[in-house]
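Me: I'd like to learn how to read a few features off a protein model. Can we go through them one at a time?

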Amino acid sequence: MDTMQLRNGVAMPMMGLGVFQVTDEALCRKAVSEALRTGYRMIDTAACYGNERAVGEAVRESGLAREDVFLVSKVWIQDAGYEKTMASFEKTLRNLETDYLDLYLIHMPYGDYYGSWRAMEDLLDDGRVRAIGVCNFLEDRLADLILSSRTAPMVDQMEIHPFCQRKALRGLMKRYGIAPMAWAPFAEGKGGLFTDPVLTAVGAKYGKTPAQVVLRWLRQEGVVAIPKSVHRERIEENFAVDDFTLSAEDMRAVEEMDTGKWLILDIPSLDEVYRLHGIRFTQ
């Protein structure tokens, strides 16, 4: 598995398994186990996913050394702030049956995320996390956090896929040495991604599926990907992207698919902010 060297020298795999929405613990354990057997060495979970314990059990049962598995988790909005983040971190460690995280992320740019970031900086200093970063931070929030903190994020995990390539954000991240990480690299199937004619035509040249083309495109763009699947065949298919290289022409064809719009999570939306905070208004 190819790796990306983060700004502090930590080597992060270029692809891992995402477990968002895999709430059935037995199914989550099985998916993580299949991924580790296939060769994945990074698992991405989060406090709010409710499956950290299942991930930890699968890693333990795999027989792999802890240092050979790159574990990622996140602190949720309701645990924002210094003390709450510290408490959430301890719970995450217990759930994952580990004494450190390879990467710890702020899940959303809401609440007292400055307090959360100070906690993460201290955890990094103490060696309890190897790298720290954020999720879903757009240009303004990301720049403000960078300019207001002693440590810039090492990763920003965002919705990135052929229809939403986030070129301006990735340009800012490159300036500060922040690694881009794509959640929902397949756009959760929206926009007809799995049958898209451009991706299908490119894939036909290499004997690959549209999904494999997307993952290879992200790899060559220097974007880490965490595709989710609970099916062994799809887990194996997603992993098999090291045996071909997209031509410059094919890279441009995928680049031209960019719409510049979100398909899944509208971060700036006021309604979305209220939803994420668990607030409902009645007429």
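**Salt bridges first, then helices and odd spots**

Reply: Let's start at the surface: Arg-150 counts as exposed, because its relative accessibility is 53%. Keep in mind that this is a predicted model.

Me: Which residue does the side chain of Arg-150 meet in a salt bridge?

Reply: A salt bridge needs a side-chain nitrogen of Lys or Arg within 4 Å of a carboxyl oxygen of Asp or Glu. Here the partner is Asp-122, at 3.2 Å, N to O. The two belong to distant parts of the chain, 28 residues apart, with Asp-122 in helix H4 and Arg-150 in the loop between H5 and E8. Asp-122 is partly exposed, since its relative accessibility is 25%.

Me: Which residues are linked with Arg-150 in a network of salt bridges?

Reply: Glu-121, Asp-122 and Asp-125 join Arg-150 in that network.

Me: How many salt bridges does a search of the whole structure find?

Reply: The search gives 22. One of them is the bridge between Arg-128 and Glu-90, whose closest N and O atoms are 2.6 Å apart. Arg-128 lies in the loop between helix H4 (113-125) and E7, and Glu-90 sits in helix H3 (residues 82-96), so this pair ties together parts that are 38 residues apart in sequence. Both ends are partly exposed, with Arg-128 at 26% relative accessibility and Glu-90 at 29%.

Me: What about a pair inside one helix: how far apart are Arg-37 and Glu-34 in helix H1?

Reply: They are three residues apart, so about one helical turn separates them. Their side chains meet in a salt bridge at 3.4 Å, N to O. The two ends sit in contrasting surroundings: Arg-37 is exposed at 61% relative accessibility, while Glu-34 is buried at 12%.

Me: Now helix packing. How are two packed helices described?

Reply: By the angle between their axes and the distance between the axes. In this model, helix H1 (residues 25-38) and helix H9 (residues 232-239) pack at about 40°, and their axes are 10 Å apart. The H1 and H9 crossing is right-handed.

Me: Which residues make the contact between H1 and H9?

Reply: H1 brings Ala-31, Glu-34, Ala-35 and Thr-38, and H9 brings Arg-232, Ile-235, Glu-236 and Phe-239. By type, the contact of H1 with H9 has four nonpolar residues, one polar and three charged. So you meet Glu-34 again here, as part of the H1 side of the contact.

Me: Back to charges. What is the nearest side chain of opposite charge to Arg-166, and how far away is it?

Reply: That is Glu-139, at 4.8 Å. Since the cut-off for a salt bridge is 4 Å, Arg-166 is left without one, although Arg-166 is buried. Arg-166 sits in the loop between strand E8 (155-159) and helix H6 (167-175). Setting aside neighbours within four places in sequence, Arg-166 is in contact with Leu-138, Glu-159, Ile-160 and Trp-262.

Me: And the backbone? Which value of phi does Asn-136 have?

Reply: Phi is positive there, about 65°, although Asn-136 is not a glycine. You'll find Asn-136 in the loop between strand E7 (132-135) and helix H5 (139-148). Asn-136 counts as buried because its relative accessible area is 2%.

Glu-188 also has a positive phi, about 55°, and is not a glycine. Its place is the loop between strand E9 (179-183) and helix H7 (197-206). With a relative accessible area of 41%, Glu-188 is partly exposed.

Me: Last topic, contacts across the sequence. How far is the C-alpha atom of Glu-255 from that of Cys-164?

Reply: The separation is 9.7 Å, for residues that are 91 apart along the chain. Glu-255 lies in helix H10 (residues 248-255) and is partly exposed at 39% relative accessibility. Leaving out neighbours within four places in sequence, Glu-255 is in contact with Gln-165, Lys-167 and Trp-217.

Me: Is Glu-272 buried or exposed?

Reply: Glu-272 is buried, with a relative accessible area of 13%. Look for Glu-272 in helix H11 (residues 270-276). Not counting residues up to four places away in sequence, Glu-272 touches Leu-265 and Asp-266.

Technical notes
Residues numbered from 1 in each chain as written. Predicted model: local features only at pLDDT ≥ 70, side-chain atom pairs only at ≥ 80, totals over all residues. Heavy atoms only, no water. Helix = DSSP H or I, 4+ residues; strand = E, 2+ residues; numbered from the N terminus. Buried < 20%, exposed > 50% of the residue type's maximum accessible area, 1.4 Å probe, protein only. Lys, Arg positive; Asp, Glu negative; His and termini not counted. Contact = heavy atoms within 4.5 Å. Axes fitted to C-alpha atoms, helices over the stretch in contact; angles between N-to-C directions. Left-handed = near helix turned anticlockwise from the far one by under 90°. Nonpolar A, V, L, I, M, F, W, Y, C, P; charged D, E, K, R; others polar.
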